Amino acid sequence: MSKEQKVTPWEVEGKIDYNRLIKEFGTSALASDTVKKIEKLAGDSHIFLRRGFVFSHRDMDLVLKDYEAGKGFFLYTGRGPSGAMHIGHLAPLLFTKWLQEKFNVNLYIEITDDEKFLQKPQLDYEQIQKQADADILDIAALGFDPDRTFIFKDTEYIKQMYPHAIKIGKKVTFSTVQAVFGFNNQTNIGLMFYPTLQIVPTFFEKKRCLIPAAIDQDNYWRIQRDVAESLGYYKVAAIHNKFLPPLTGMEGKMSASKSETAIYLSDDEKTVRQKVMKYAFSGGQATIEEHRKLGGNPDVDVAYQWLSILFEEDEKKLKTIHDDYKSGKLLTGELKQLLVDKINAFLREHKNKMENAKPLLEKYMYTGKLAKEMWNK
Ligand code: TYM
């Protein structure tokens, strides 16, 4: 039986009805006109836009208007270092990289070591720091513009953030965070203050801030939009992606704490193969004979879905895979093998890029142009 849909920054469960989320969260569906305008100004198209993986937004039209008027905008996204990073976490970061490249704008990446320390009772401070350092290298490997990107850990950068955090904190009551995040009498007081720190980076420049992230992070932006103007800043804009589904089926999200649902960036080739072959939920039939006769169902087949969302950019090739699977010509094992090859090629390249990114870490975090100049904008 399907679990009831639940989407918060810390939990995603059930079969997700994205239209219902748009209504509940009060965001806007990403209309085809807006997609076309993004593509026109970018001079290019992105797989997430073409395939509808990026599906919802707040004020994206105003961001594009500001861009056209020469006012510009800046990007902000982040990562909470609670466990090994998986390919779902990469999705918003890859889209962010594309936006930075096409629009040539500044980008701030927040590493919320504080959030994860406060929220995960089983993790101690040292474990979180180790994970944060590993995540920063994974993120740097994606190749953001070193002159236009600042990556920071909250516990290190707190001195610059704190004056803004208390200004935000003074405007947000317990009843608001209770309603928005479900905090209650058992919630530790550290976590209750934390939302201010996820909002602060939207104030890093006096321009409109655009956040690419999955829709689970939207709760923070709702609070930001309530307080920003009274503090002299723009209401934040956001562009939301869906969740990369877990390997095990189309409900919930790929989750770092459930290893059978996820491919971690650190998985080796053999592990990737084993996980996909064993766990990837199949839309195929029980026997080869039946599959040849009846065909498979790509709509529920996770290997097909991952190819469609992330790994097969070529529209023609994807259509052939779709049609061959549906007709029974392509077998489940063959479809899974296509995905395994794509993931392993991607991870091989990622590991090489990690090596090349090591010398750039200082620049991203401390000595780069943006790290030095950001508060003067
Ligand atoms: P975290 O580390 O839980 O997630 C990092 C980013 O990945 C998105 N995400 C996913 N996207 C697609 N498929 C999935 N299965 C999936 N799981 C997670 C998240 O939406 C997020 O964009 N509190 C944040 C860290 C943060 C942040 C931000 C994120 C601080 N400031 C600004 C986005 C924007 C967190 O713990 O993310």
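In this predicted model, a nitrogen atom of the ligand lies 3.0 Å from an N or O atom in the side chain of E110. Two further pairs of atoms, one involving a side chain and one involving the backbone, can be set beside it in a small table.

| Ligand atom | Protein partner | Distance |
|---|---|---|
| nitrogen | N or O atom in the side chain of E110 | 3.0 Å |
| oxygen | N or O atom in the side chain of D216 | 2.6 Å |
| nitrogen | polar backbone atom of G88 | 3.2 Å |

How much of the ligand does the protein bury? The ligand taken alone exposes 680 Å², and the protein buries 98% of that. The elements that contribute two or more residues to the shell around the ligand are β5 (73-79), α5 (87-103), α6 (113-119) and β8 (208-214), and the largest share, 4 residues, comes from β5. There are 25 residues around the ligand, of which Y76, G80, E115, D216 and L244 come nearest. When the residues of this shell are divided by character, 9 are nonpolar, 9 are polar and 7 are charged.

Strands β5 and β8, which give residues to the shell, also belong to an open sheet of 7 strands, whose order is β3-β4-β9-β8-β5-β6-β7 and whose pairing is mixed. The edges of the sheet are formed by β3 (28-29) and β7 (149-153), and because each of these has a single partner strand, one side of each is left without a neighbour in the sheet. As a general point, the strands of a sheet pair through backbone hydrogen bonds, and they may do so in a parallel or an antiparallel way. Here, strand β4 (residues 54-58) and strand β9 (residues 237-241) run antiparallel and are joined by 4 bridges; V54, for instance, has N241 in β9 as its bridge partner. Helix α1 (residues 18-25) packs on the sheet, where it touches β3 and β4, and its direction makes about 5° with that of β4.

The loop between α3 (47-50) and β4 holds R51. Although R51 and L310 are 259 residues apart in sequence, their C-alpha atoms are 9.4 Å apart in space. Leaving aside residues up to four places away in sequence, R51 touches L307, S308, E312, E313, D314, E315 and L318.

Terms used:
Residues numbered from 1 in each chain as written. Predicted model: local features only at pLDDT ≥ 70, side-chain atom pairs only at ≥ 80, totals over all residues. Heavy atoms only, no water. Near = heavy atom within 4 Å. Polar contact = N/O pair within 3.5 Å; in protein donor to acceptor, adjacent residues only side chain to side chain. Areas by Shrake-Rupley, 256 points an atom, 1.4 Å probe, with all protein chains shown as cover. Nonpolar A, V, L, I, M, F, W, Y, C, P; charged D, E, K, R; others polar. Pairing = 2+ DSSP bridges. Contact = heavy atoms within 4.5 Å. Axes fitted to C-alpha atoms, helices over the stretch in contact; angles between N-to-C directions.
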